[in-house]
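Please open the model in a viewer and keep the sequence panel visible. The tour proceeds by selections, from the chain as a whole to individual residues.

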Amino acid sequence: MTALPTLLVLDAEPPPRLGRLTGRARVVHTDEAGLAGRLPGADVLLVWDFASHAVRSAWPGEGPRPGWVHTASAGVDHLMCPELAASDTVVTNARGIFDAPIAEYVAALVLAMAKDLPRTLEFQREREWRHRESRRVAGTRAVVVGSGPIGREIARTLKALGVTAAVVGRVPRTGIHGPDDLDRLLARADWVIAAAPLTERTRGMFDLRRFGVMQPSACFVNVGRGQLVVEDALVQALEKRWIAGAALDVLTTEPLAADSPLWRVPGLLVSPHMSGDTVGWRDELGAQFVELFERWAAGRPLQNVVDKQRGYVPGH
C-alpha cells in the first residue's frame, strides 16, 4: 500500500478547510515553534499563516525539505530565504484570489479621497455643517506600479470610473510601461497606486525623491507591501503638502502600534491590511489549495509557480 503524502500546515485561525483531502493526505498541523522540527517529514508545506516569517528561519537546517510550498497569499517575501530560493522546492502562491477585491478597495479609496469622505465623517461627528467642493474622478490620471494580475485589475477598475490608468512593470511590453517611464508618469498623475511585489528592486522605491516628483494634487495608495514605502518620507510629503493625501493598507510593521505617529498624520488613511479580504476569502484560499494539491498528486504541472529569484509569478 502506497503511503499517503504528508501535508504540513503552518496554522492560523481559523484553520483551512481540507476535508476534500481526507484519505488522500496525512495532514499535520503546526505552529511557528514546531515548524522547524516537522519540516523534514513533510512532502508539502501549506503556509496558511501568511503573516508569519517562521519559514525563513526554519527552512535552513539539516534533513530533507518539502518539494512544494504553497502560501495563502499573493506575496512570498515573508517566506523566501536564500536556502529556499536555491533549492529545488517549487513555491506557489494565491494568485487570482485577491485581484478583484483589492481593485474594488483601491477604487473605494480613490472615490473617498476625491469626495473628501473622511472629513465629511469627521464633521458629522462634530455636528458641523461645512459645505465643500469635491474632485471629479472621471478625466483624472492614475499610475499603477505593479503589472501583475492585481495591478492590471486595479487599472481596469479605475478605467471604468473614467480614469486614464498607466501600468508600470519590471520590463516594458505591450500596454505596460517600464521603470524608466515611472518618474515622467508620476509627475502627471492624480493617483499613484503601489501594487508591486516586494523585491530588492522595489524595496523603498517610494522615497523622498519620488514623493517630490508627484504634483501637489496627487494622492498615493499602497496596497502592495509596506516596505515599498519609506514611511518617514511619506509623512514629510504629507506634512509639507507635497501631495494631497495618502492611504496605506500595508505598513512596514503590522499591526501598527497604538502610539505610532502614522495614526495622526494629516491626510493619511490607515487600514489594517484588509483590501483583499472579502467575505468568504478564506474558503476561496482553501479551495484553491485543494485544487492545486489534486494537480500535484496527479503529477500534473502546478499553476501559480513563483520565480524564486524574482519573487513573483512571471510572464503576466
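The following stops describe the whole chain, then one buried residue in a loop, then a helix, and finally an exposed residue.

**The whole chain**

Begin with the entire chain selected, bearing in mind that this is a predicted model. Its secondary structure comprises 10 helices and 11 strands. Viewed along the principal axes, the C-alpha atoms fill a box of roughly 75 × 45 × 35 Å. The radius of gyration is 21 Å, which agrees with the value near 20 Å for a compact globule of 316 residues.

Next, consider the interior and the surface. Buried residues account for 49% of the 316 residues. Among contacts with a separation of 6 or more, 60% join residues 24 or more positions apart. About 15,900 Å² of the chain is exposed, and carbon and sulfur atoms supply 52% of that area. If the charged residues are coloured by sign, there are 37 positive and 36 negative charges, whose mean positions lie 6 Å apart.

**Residue T140**

Now select T140, which is placed in the loop between helix 5 (117-125) and strand 6 (141-145). Is this residue, T140, buried or exposed? T140 counts as buried because its relative accessibility is 9%, below the 20% cut-off. Display its side chain: it reaches the backbone oxygen of V137 at 2.6 Å. Then show the residues that T140 touches beyond four places in sequence, namely G162, V163, T164, D190 and W191.

**Helix 9**

Move on to helix 9, residues 231-239. Which residues of helix 9 are buried? They are E231, A233, L234, V235, A237 and L238. In an α-helix, residues three or four places apart point the same way, because each turn takes 3.6 residues. To see what covers the buried residues of helix 9, add helix 8 (208-213), strand 9 (219-222), strand 10 (245-248) and strand 11 (268-270), which are included in that cover. After helix 9, select R241, which follows the helix and has a positive phi, near 60°.

**Residue R264**

The last stop is R264, in the loop between strand 10 and strand 11. With a relative accessibility of 57%, R264 counts as exposed, the cut-off being over 50%. Finally, select R141 together with R264 and draw a distance between their C-alpha atoms. The two residues are 123 residues apart along the chain, and their C-alpha atoms are separated by 28 Å.

Note on methods. Residues are numbered from 1 along each chain as its sequence is written. This is a predicted model: local features need pLDDT of at least 70, side-chain atom pairs count only at pLDDT 80 or more; totals for chains, interfaces and linings use all residues. Side-chain values use heavy atoms; hydrogens and water are left out. Helices (H or I, at least four residues) and strands (E, at least two) are DSSP runs, numbered from the N terminus. The radius of gyration is taken over C-alpha atoms; the globule rule is 2.2 Å times the number of residues to the power 0.38. Buried means under 20% relative accessible area, exposed over 50%, partly exposed in between (1.4 Å probe, protein chains only). Contact means heavy atoms within 4.5 Å. Accessible areas come from the Shrake-Rupley method with a 1.4 Å probe; for residues, only the protein chains shown count as cover. Lys and Arg count as positive and Asp and Glu as negative; His and the chain ends are not counted. The place of a charge is taken as NZ of Lys, CZ of Arg, CG of Asp or CD of Glu. A polar contact is a pair of N or O atoms within 3.5 Å; within protein, one must be able to donate a hydrogen and the other to accept it, and residues adjacent in sequence count only if both atoms are side-chain atoms.
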